[in-house]
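Me: I am new to this structure and would like to understand how its descriptive terms are justified. Please explain the reasoning behind each one.

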Amino acid sequence: MSVNAVVNEMTKEQQKEQESLNLFYSTQTVIQKALAKLGYQNEMFDLLKEPLRLLTVRIPVRMDDGSVKVFTGYRSQHNDAVGPTKGGVRFHPEVNEEEVKALSIWMSLKCGITNLPYGGGKGGIICDPRKMSFRELERLSRGYVRAISQIVGPTKDIPAPDVYTNSQIMAWMMDEYSRLREFDSPGFITGKPIVLGGSQGRETATARGVTICIEEAVKKKGIELQGARVVIQGFGNAGSYLAKFMHDAGAKVIAVSDVYGGVHDPNGLDIDYLLDRRDSFGTFSQLFKETITNKELLELECDILVPAAISNQITAENAANIKAAIVVEAANGPTTLEATNILTERGVLLVPDILASAGGVTVSYFEWVQNNQGYYWTEEEVAEKLKKVMVDSFEKIYRTAQEYQVDMRLAAYMTGIRKMAEAAQFRGWV
Ligand code: NAD
């Protein structure tokens with residue numbers, strides 16, 4: 001690698017770390033506001049502003065060429081006052097400590113909003129799974145479980161899939177944990193293949209949750225979903241299933257994108273065609289000659305905009321140009337706090353990430369319950385239970401926003417933090 005390339009690489013990592021730090025600080029800012037609105041003293045903020053536990057591990061992995069590579073991984077447990085912690089494991093070259101910490105706090109908030117008996121956790125490994133073989137990924141997944149095994153378990157901290165991890169990786173991790181403990185432990189991890197105790201409906205859960213939020217949001221805005229123009233940034237697990245559900249509900253999905261760019265048709269896209277063409281990383285746009293940039297996509301004329309890719313997409317720079325009446329955050333942290341204020345002032349209904357993307361952890365909880373009781377539900381039962389949780393959560397936050405005259409994000413934080421604060425108080429921690 002040339003010196004310039006090294007410098008560019010470092011700059012990219014540093015930029016990402018700075019971004020994660022900003023996300024972490026803005027999360028703390030909103031938590032502080034939420035606790036103050038709920039009447040808590042500063043001590044409670046001091047407890048909840050940081051994870052209780054953060055483990056950094058080094059994982060040696062024998063690569064296919066015989067060499068050994070040592071990977072760095074993390075597991076963050078935000079707060080276990082309510083119950084065991086829960087949250088995904090991310091495999092990505094840009095994973096860093098601040099990001100894992102912030103994501104674990106968001107998991108706590110999501111569990112609080114949906115009233116699950118968990119606190120938030122999150123894990124990650126700095127690696128690029130796109131450049132690793134199947135067997136290398138298996139050895140890395142098993143090594144990670146061995147490294148964190150002391151602090152995780154079905155009643156301690158329950159991992160799940162996240163960016164670039166899937167049901168196969170969950171299966172390896174479950175198998176490794178079961179071998180270490182010497183008994184079958186399906187409840188150790190969620191997002192498993194169905195034959196190993198996975199839940200029906202887990203794969204589509206996040207997109208279903210987002211769909212339910214959209215259904216509730218259009219009612220509040222007096223917009224008919226049938227024929228509504230929808231724009232979705234990102235065409236991976238969350239974005240692609242969402243496009244399908246929106247299409248099936250009669251909405252017009254007029255633009256979708258991946259990391260390279262997007263496609264746009266004001267008359268509505270052929271979603272089934274795009275689903276057929278996308279690869280396992282959610283990319284498809286390189287197959288098209290005429291594409292638009294992700295920046296252009298966000299500013300398209302539409303009724304509903306769903307950022308379903310990465311963080312920091314709607315900022316103070318473009319918030320005034322967003323034309324949608326409703327923005328539903330399927331991705332984690334796609335809108336900055338400044339942009340949230342701009343959108344709210346302009347009367348845009350913003351459904352925040354910790355509510356909109358809570359379908360995934362909710363069905364993960366259903367999976368854990370089914371594993372613990374050894375009795376499995378049908379897809380219809382899962383969908384019905386998820387609908388109830390999401391509709392109740394949306395209503396709770398919408399009402400809180402009205403009652404306290406705050407934006408939906410602050411209302412979501414207030415709803416999410418309340419249960420944890422009460423639990424910590426009853427336990428005598430504060
Ligand atoms: P994914 O990896 O399956 O897909 C990501 C999509 O975003 C791909 O289409 C990719 O090409 C695109 N993308 C990547 N970088 C981009 C960029 N710079 N600009 C535009 N598009 C880009 O991921 P996913 O599981 O669909 O998750 C998407 C978002 O939703 C993430 O923020 C994730 O944290 C959040 N989320 C996902 C789940 C879930 O269950 N999948 C649950 C909660 C939150």
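**Reasons behind the terms**

Reply: A suitable starting point is strand E3 (residues 85–92): 8 of its 8 residues are buried, so the strand is largely enclosed by the rest of the structure. Please note that this is a predicted model.

Me: What makes E3 and strand E4 a pair?

Reply: Two strands pair if at least two bridges are found between them. E3 and E4 (residues 119–126) are joined over 6 bridges, in the parallel sense, and therefore count as paired. Within this pairing, Lys86 stands opposite Gly120 in E4.

Me: Which strand pairs with E3 over 5 bridges?

Reply: That strand is E5 (residues 157–161), and the pairing is again parallel. Because at least two bridges are required, the 5 bridges satisfy the criterion. Here Val89 stands opposite Pro161 in E5.

Me: Why is the unit made by E3, helix H3 and E4 called right-handed?

Reply: The term applies if, with the strands pointing away from the viewer, the path from the first strand over the helix to the second runs clockwise. E3, H3 (residues 97–113) and E4 make a β-α-β unit with this right-handed sense.

Me: How do you know whether Ser178 is buried or exposed?

Reply: Buried means under 20% relative accessible area. Ser178 has 9%, so it counts as buried. This residue is in helix H5 (residues 167–181). Not counting residues up to four places away in sequence, Ser178 touches Phe183, Asp184 and Ser185.

Me: Is Glu182 buried or exposed, and what is the reason?

Reply: The relative accessible area of Glu182 is 72%; the cut-off for exposed is over 50%, so the residue is exposed. Glu182 lies in the loop between H5 and helix H6 (205–221). Glu182 also has a positive phi of about 65°, although it is not a glycine.

Me: What makes Asn312 partly exposed?

Reply: Partly exposed covers the range between under 20% and over 50%. Asn312, at 23%, falls in that range and therefore counts as partly exposed. Its place is the loop between strand E9 (304–307) and strand E10 (326–328). Asn312 is not a glycine, yet has a positive phi of about 55°.

Me: Why is Gly333 called buried?

Reply: Gly333 has a relative accessible area of 6%, and because this is under 20%, the residue is buried. Gly333 lies in the loop between E10 and helix H10 (337–345). Leaving aside neighbours within four places in sequence, its contacts are Leu23, Trp106, Ser311, Asn312 and Asp353. Gly333 and Pro307 are 26 residues apart along the chain, and their C-alpha atoms are separated by 9.4 Å.

Me: What makes Asp276 count as exposed?

Reply: Its relative accessibility is 67%, and since exposed means over 50%, the term applies. Asp276 is in helix H8 (residues 271–277). From Asp276 to Ile31 the distance, C-alpha to C-alpha, is 42 Å, and the two are 245 residues apart in sequence.

Me: How does Trp429 meet the accessibility condition for a surface patch?

Reply: A patch takes residues with over 30% relative accessible area. Trp429 has 38% and is partly exposed, so it meets this condition. With Leu52 and Val430, Trp429 makes a nonpolar surface patch of about 240 Å². The place of Trp429 is in the segment after helix H14 (408–426).

Key: Residues are numbered from 1 along each chain as its sequence is written. This is a predicted model: local features need pLDDT of at least 70, side-chain atom pairs count only at pLDDT 80 or more; totals for chains, interfaces and linings use all residues. Side-chain values use heavy atoms; hydrogens and water are left out. Buried means under 20% relative accessible area, exposed over 50%, partly exposed in between (1.4 Å probe, protein chains only). Helices (H or I, at least four residues) and strands (E, at least two) are DSSP runs, numbered from the N terminus. Patches are made of residues with over 30% relative accessible area and no salt bridge: like charges are joined within 9 Å, nonpolar side chains (Val, Leu, Ile, Met, Phe, Trp, Tyr) within 5 Å. Accessible areas come from the Shrake-Rupley method with a 1.4 Å probe; for residues, only the protein chains shown count as cover. A salt bridge is a side-chain nitrogen of Lys or Arg within 4 Å of a carboxyl oxygen of Asp or Glu. Contact means heavy atoms within 4.5 Å.
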